[in-house]
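Got your viewer open and a cartoon on screen? Follow along, and select things as we go.

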Amino acid sequence: MALGVSIRGFACMRRVIGLDGTFLKSTCKGTLLVSTYQDGNYNCYPIAWGVIDSKRDESWTWFLTQLKVAIGESDGLVFISDRHPSIQKGVATIFTWATYGACYWHVGQNLRNRFKSKGANTLFNQAAEAYKLSDFRAKFAELERRYPHVHEYLSNQVGVEKWARSMFAGERYNIMTTNIVEALNSTLKRAREYPLLLLLDSIVEKMVEWFNERREKAQNLTSPLTPECERRLSHVWGEAETLAPTQINANKWVIRGGGYDAVVDLQQMTRTCKKFELEKLPCEHALRAAGEIGENKFYECCSIYYSASYWRIGKPQMTLGK
């Protein structure tokens with residue numbers, strides 16, 4: 001089941017899709033599959049739902065095939081999941097051009113259960129969250145020195161390119177986990193006990209509530225960015241004001257302070273720490289450089305997916321689709 005509003009709104013969303021399944025508790029049992037992503041305001045935006053008898057390869061292949069029918073062959077797709085083998089196989093088979101990433105929280109849980117080392121998990125988290133490749137390599141080298149078995153597991157069994165932010169080949173923005181899917185499953189905790197038709201009705205009812213509420217907010221918005229992005233930039237600006245800018249040329253700045261110096265290129269939308277270019281939203285150093293040019297430059301440095309205009313377009317009238 002996919003709703004028309006989700007399909008039409010997909011064009012205005014970041015191309016990062018979370019995949020997961022949750023067991024149903026009704027007499028029919030089975031598993032509820034869901035694919036979802038975040039809108040520009042960091043809200044959960046479900047695309048498609050499916051009910052299967054198990055999490056076998058065939059079930060996920062069927063679900064992903066239907067998802068492809070709904071969203072088409074969109075460029076730059078990224079899928080995030082808990083490393084379930086059937087999901088990985090299905091993505092590789094159906095979305096051959098997409099990039100697959102692992103939820104780093106689930107990888108961390110596996111480390112905790114398998115190796116039971118708090119120190120190893122701390123280094124793993126630091127390596128996974130690092131924006132700069134040099135920072136990742138430093139933490140991962142320390143992990144190899146102190147916990148070689150954990151290093152071998154992460155390198156050869158999981159794959160560094162799947163969980164490390166700095167090593168990931170696609171654009172996953174700030175989305176490092178499947179929390180967007182987990183939160184959705186939590187919302188439906190009670191509904192999972194309903195018979196199948198009542199469950200689907202409950203899903204539609206909840207989505208109607210969400211989309212109508214968000215569409216009204218989007219239509220009344222007067223700021224250039226979504227409310228959450230405006231809030232985040234306002235918070236970051238408090239830090240940016242304490243930094244010292246030095247202009248190199250028309251587009252490049254050296255920003256000093258905050259613990260280290262950074263080179264910001266406003267034309268290429270890059271910063272030496274890589275956070276600016278990976279999340280597509282200005283960090284404190286990029287914001288300080290943009291502030292030297294003018295307020296409008298703040299917004300030019302943000303991905304179009306965070307804009308109020310895209311948020312409005314992505315909230316059409318709620319109708320039942322495929």
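Start by picking Gly21: its bridge partner in strand 2 is Leu33. This is a predicted model, by the way. Now widen the selection to strand 1 (residues 16–23) and strand 2, which run antiparallel and are joined by 6 bridges.

Stay with strand 2 and colour residues 31–38 by accessibility. How many of its 8 residues are buried? The count is 8 of 8, so to speak a strand that is mostly covered. Show the side chains next: Thr31, Leu33, Ser35 and Tyr37 point one way, while Leu32, Val34, Thr36 and Gln38 point the other way, and all are buried.

Gln38 is a handy place to cross over, as it stands opposite Cys44 in strand 3. Select strand 3 (residues 44–52) and you'll see it pair with strand 2 in the antiparallel sense, over 8 bridges. Strand 2 and strand 3 form a hairpin with 5 residues between them. In that turn, click on Tyr42 and check its backbone: phi is positive, about 65 degrees.

Back to strand 1, this time looking towards strand 4 (residues 78–81). Here the pairing is in the parallel sense, over 3 bridges. Val16 has Val78 in strand 4 as its bridge partner.

Helix 2 (residues 57–71) is worth adding to the view now, since it packs on the sheet and touches strand 1, strand 2, strand 3 and strand 4. The direction of helix 2 makes about 140 degrees with that of strand 3.

Zoom out to the whole sheet. It is open and has 5 strands in the order 3-2-1-4-5, with mixed pairing. Which strands stand at the edges? Strand 3 and strand 5 (99–102) do; each has a single partner strand, so one side of each is left without a neighbour in the sheet. On average, neighbouring strands of this sheet are turned by 25 degrees against each other, direction ignored.

Last stop: helix 5 (residues 118–129). At 1.5 Å a residue its 12 residues should span 16 Å, and the end C-alpha atoms are 17 Å apart, which agrees. Select the buried residues of helix 5, which are Ala120, Asn121, Leu123, Phe124, Ala127 and Ala128. They cover an arc of only 165 degrees around the axis, so they lie on the same side of helix 5. The spacing fits: residues three or four places apart in an α-helix point the same way, because there are 3.6 residues a turn. To see what that side meets, turn on helix 4 (104–115), helix 6 (133–146), helix 7 (148–158) and helix 8 (160–163), against which the buried residues of helix 5 pack.

Definitions and conventions. Residues numbered from 1 in each chain as written. Predicted model: local features only at pLDDT ≥ 70, side-chain atom pairs only at ≥ 80, totals over all residues. Heavy atoms only, no water. Helix = DSSP H or I, 4+ residues; strand = E, 2+ residues; numbered from the N terminus. Expected span 1.5 Å × (residues − 1). Buried < 20%, exposed > 50% of the residue type's maximum accessible area, 1.4 Å probe, protein only. Arc of directions from axis to C-beta. Contact = heavy atoms within 4.5 Å. Pairing = 2+ DSSP bridges. Axes fitted to C-alpha atoms, helices over the stretch in contact; angles between N-to-C directions.
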